[in-house]
Amino acid sequence: MEWTERLAADGFAPCNQSEGFSAYIGPFYEKSNEQQMVRALPIRDCHLNPEGVVHGGVLLAFADFVMYRAIGDVVGHHIKFATINLNSQFLAAVKPGDLLCGHGRIVRQSRSVIFADCELYTSQRTVMTASGIWKVLGQ
């Protein structure tokens with residue numbers, strides 16, 4: 001079964017707002033469970049580094065996307081904001097064929113900045129945690 005069929009069977013739908021770089025490394029998917037919105041990235045060969053595991057840059061980019069979308073889920077996707085700080089902790093490798101999932105949340109928010117964090121995981125384990133700060137640019 002292809003990724004698209006497997007994800008649809010699990011309740012995932014393609015994410016909107018996946019243009020530019022996000023479209024290049026995606027496609028990303030999302031589904032809502034009881035507590036939160038979960039985003040997903042099916043791992044393909046193009047995501048791997050020379051050692052055969054997912055490149056750290058892919059994990060960072062996906063974490064940024066997960067937190068960005070989680071912020072938009074709360075404040076509205078019409079609000080514009082940009083990443084000004086991103087911190088991460090790599091905990092485990094992601095392998096070919098894994099489904100990388102993540103959920104994010106706002107930790108604190110003011111009128112001009114938003115603080116968020118996220119967890120990325122596969123079916124086997126948590127692979128990364130991250131946090132960041134976003135500057136609100138306007139509506």
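**A buried charge network between helix 3 and the sheet**

At 15% relative accessibility, Glu-30 counts as buried in this structure, which is a predicted model. Arg-69 lies in helix 3 whereas Glu-30 lies in strand 2, so the pairing of these two side chains ties together parts of the chain that are 39 residues apart in sequence. The contact between Arg-69 and Glu-30 is a salt bridge in which the closest N and O atoms are 3.7 Å apart. Arg-69 itself has a relative accessibility of 2% and therefore counts as buried, the cut-off being under 20%.

Glu-30 also forms a salt bridge with Arg-39, and here the closest N and O atoms are 2.9 Å apart. The two residues face each other within the sheet, Glu-30 standing opposite Arg-39 in strand 3. Arg-39 is likewise assigned to the buried class, because its relative accessibility is 2%. In general, side chains of opposite charge can pair when their charged atoms come close.

Arg-39 in turn meets the side chain of Asp-73 in a salt bridge, with an N to O distance of 2.9 Å. Since Asp-73 belongs to helix 3 and Arg-39 to strand 3 (residues 37-42), this pair ties together parts that are 34 residues apart in sequence. Asp-73, at 37% relative accessibility, counts as partly exposed. Through shared partners, the salt bridges join Glu-30, Arg-39, Arg-69 and Asp-73 into one network. A search of the whole structure finds four salt bridges, among them the pairs Glu-30 with Arg-39, Arg-69 with Glu-30 and Asp-73 with Arg-39.

The strands that carry part of this network belong to an open sheet of seven strands, arranged in the order 1-2-3-5-6-7-4 with antiparallel pairing. Strand 1 (13-14) and strand 4 (80-90) are the edge strands, each of which pairs on one side only. Within the sheet, strand 2 and strand 3 run antiparallel and are joined by four bridges. Helix 3 packs on the sheet, where it touches strand 2, strand 3, strand 4, strand 5 (99-109), strand 6 (113-121) and strand 7 (126-138), and the direction of the helix makes about 50° with that of strand 5.

Aromatic side chains provide a further link to helix 3, and the search of the whole structure finds four aromatic pairs. One of them is formed by Phe-28 and Phe-62, whose rings are tilted, with 5.4 Å from centre to centre and 40° between the planes. This pair links distant parts of the chain, given that Phe-28 is placed in the loop between helix 2 (21-25) and strand 2 (29-32), while Phe-62 is placed in helix 3 (residues 56-75), 34 residues apart. Both Phe-28 and Phe-62 are buried, and together with Phe-65 they form one aromatic cluster.

A contact between a charge and a ring is found at another site, where the charged end of Arg-108 sits over the ring of Phe-115, 4.2 Å from its centre.

Terms used
Residues numbered from 1 in each chain as written. Predicted model: local features only at pLDDT ≥ 70, side-chain atom pairs only at ≥ 80, totals over all residues. Heavy atoms only, no water. Phe/Tyr/Trp six-rings, centres within 6.5 Å; stacked < 30°, edge-to-face > 60°. Buried < 20%, exposed > 50% of the residue type's maximum accessible area, 1.4 Å probe, protein only. Lys NZ or Arg CZ within 6 Å of the ring centre and 35° of its normal. Pairing = 2+ DSSP bridges. Contact = heavy atoms within 4.5 Å. Axes fitted to C-alpha atoms, helices over the stretch in contact; angles between N-to-C directions.
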